[in-house]
Amino acid sequence: MQSVFEMTDLGEMTFFLGLEVHQTSHGTFICQEKYANKVLKKFGMENCSSINTPLAQNEKLSKEDDSEKIDSRIYRSVIGCLLYLAASRPDIMFITSQLSRFMHNPSQRHFKATKRVLRYVKGTSNLGIWFKASQEVKLIGYTDSDWGGSVDDMKSTSRFMFSIGSGAVSWSSRKQEVVAQCTAEA
């Protein structure tokens with residue numbers, strides 16, 4: 001290609017748009033550890049204690065709760081950082097998607113849940129996606145839905161993740177547009 005187009009070979013890619021790329025003969029590992037640590041520092045959470053899960057069990061968030069409202073600019077900034085971090089972290093996609101629903105009028109309770117995600121990121125900042133070099137290329141997909149999970153409008157949240165070989169290649173979490181009448185619809 002260098003004979004046809006004017007270009008320079010910079011060697012193996014190691015960093016691209018905040019993604020760290022580690023290539024070996026065994027495969028490729030993609031993570032955002034530097035970015036995660038930068039986000040923690042930005043929001044004063046670099047010395048926080050870490051936790052094992054990004055979401056408290058059975059916690060239901062609502063637009064209308066009794067807690068005090070907070071500055072939406074800070075909240076939006078945290079959510080934006082978490083959404084960018086989800087580019088290599090399918091494990092935080094669901095809760096980040098849920099928390100993004102409250103960006104226009106966030107409360108203290110929403111911000112507390114957001115800080116919990118940051119505490120989870122603190123303990124798992126080195127996680128990413130590992131694409132092993134292998135002969136077998138197999139497409140695997142997972143999907144799930146939380147039937148009527150939204151307290152505000154009873155709409156379900158659908159999630160999916162697809163992997164080819166060893167690493168995830170596509171994932172999403174989004175609120176459904178209609179209210180499901182049964183688990184099969186959800």
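What follows looks at a strand sheet, its aromatic contacts and a nonpolar surface patch. The model is predicted, so local features need pLDDT of at least 70 and side-chain atom pairs count only at pLDDT 80 or more, while totals for chains, interfaces and linings use all residues. Residues are numbered from 1 along each chain as its sequence is written, and side-chain values use heavy atoms, with hydrogens and water left out.

Four strands (DSSP E runs of at least two residues, numbered from the N terminus) make an open antiparallel sheet, ordered β1-β2-β3-β4. Strands count as paired if DSSP finds at least two bridges between them. β1 (15-16) and β4 sit at the edges with a single partner strand each, so one side of each has no neighbour in the sheet. Between β2 (residues 19-24) and β3 (residues 27-31) there are five bridges, and Gln-23 has Thr-28 of β3 as its bridge partner.

Three aromatic pairs turn up (Phe, Tyr or Trp rings, the six-membered one for Trp, with centres within 6.5 Å; planes under 30 degrees apart are stacked, over 60 edge-to-face, the rest tilted). Phe-29 and Trp-130 are tilted, because their ring centres are 6.4 Å apart and their planes at 45°. Phe-29 belongs to β3 and Trp-130 to β4, so this pair ties together parts 101 residues apart in sequence. Phe-160 and Phe-162 make another tilted pair, at 5.5 Å centre to centre and 50° between planes.
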